[in-house]
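Hi there,

Here is the model I promised to pass on. Have a look at it first, and then read my notes below.

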Amino acid sequence: MGIGRIVQIIGIIVVLDALYFGMVKDSMKMEVFMLFIGSVIFYVGRMFDKKK
């Protein structure tokens, strides 16, 4: 498993945490912010994966 896949998994976990945080804490700002951060992390992982 390469570094790209690990970064993608971290991005997916952040997105899942964002959805959970939005449902439990009812904070739309934090949910959208975490969704954005998770998406960026996932995309960075895809860029690492495509370089191989």
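**A buried charge without a partner**

What caught my eye in this predicted model is E31, which is buried but forms no salt bridge. The nearest side chain of opposite charge belongs to K29, and it is 13 Å away.

Where does E31 sit? It is found in helix α2. Apart from neighbours within four places in sequence, E31 is in contact with A18, L19 and G22. Two of these contacts, A18 and G22, are among the buried residues of α1.

That brings me to α1 itself. This helix covers residues 3–25, 23 residues in total, and reaches 32 Å from its first C-alpha to its last, close to the 33 Å expected at 1.5 Å a residue. Its buried residues are G4, V7, Q8, G11, V14, A18 and G22. Residues three or four places apart on an α-helix point the same way, because there are 3.6 residues a turn. The cover over the buried residues of α1 includes α2 (28–50). Just after α1 comes D26, with a positive phi near 55°.

As for the whole chain, it holds two helices and zero strands, and its C-alpha trace spans about 40 × 15 × 10 Å along the principal axes. Of the 52 residues, 23% are buried. Among contacts with a separation of 6 or more, 60% join residues 24 or more positions apart. Carbon and sulfur atoms account for 72% of the accessible surface of about 4,100 Å². Finally, there are 7 positive and 4 negative side chains, and the centres of the two sets lie 12 Å apart.

Best wishes

Notes: Residues are numbered from 1 along each chain as its sequence is written. This is a predicted model: local features need pLDDT of at least 70, side-chain atom pairs count only at pLDDT 80 or more; totals for chains, interfaces and linings use all residues. Side-chain values use heavy atoms; hydrogens and water are left out. Helices (H or I, at least four residues) and strands (E, at least two) are DSSP runs, numbered from the N terminus. The expected span of a helix is 1.5 Å times one less than its number of residues. Buried means under 20% relative accessible area, exposed over 50%, partly exposed in between (1.4 Å probe, protein chains only). Contact means heavy atoms within 4.5 Å. Lys and Arg count as positive and Asp and Glu as negative; His and the chain ends are not counted. A salt bridge is a side-chain nitrogen of Lys or Arg within 4 Å of a carboxyl oxygen of Asp or Glu. Accessible areas come from the Shrake-Rupley method with a 1.4 Å probe; for residues, only the protein chains shown count as cover. The place of a charge is taken as NZ of Lys, CZ of Arg, CG of Asp or CD of Glu.
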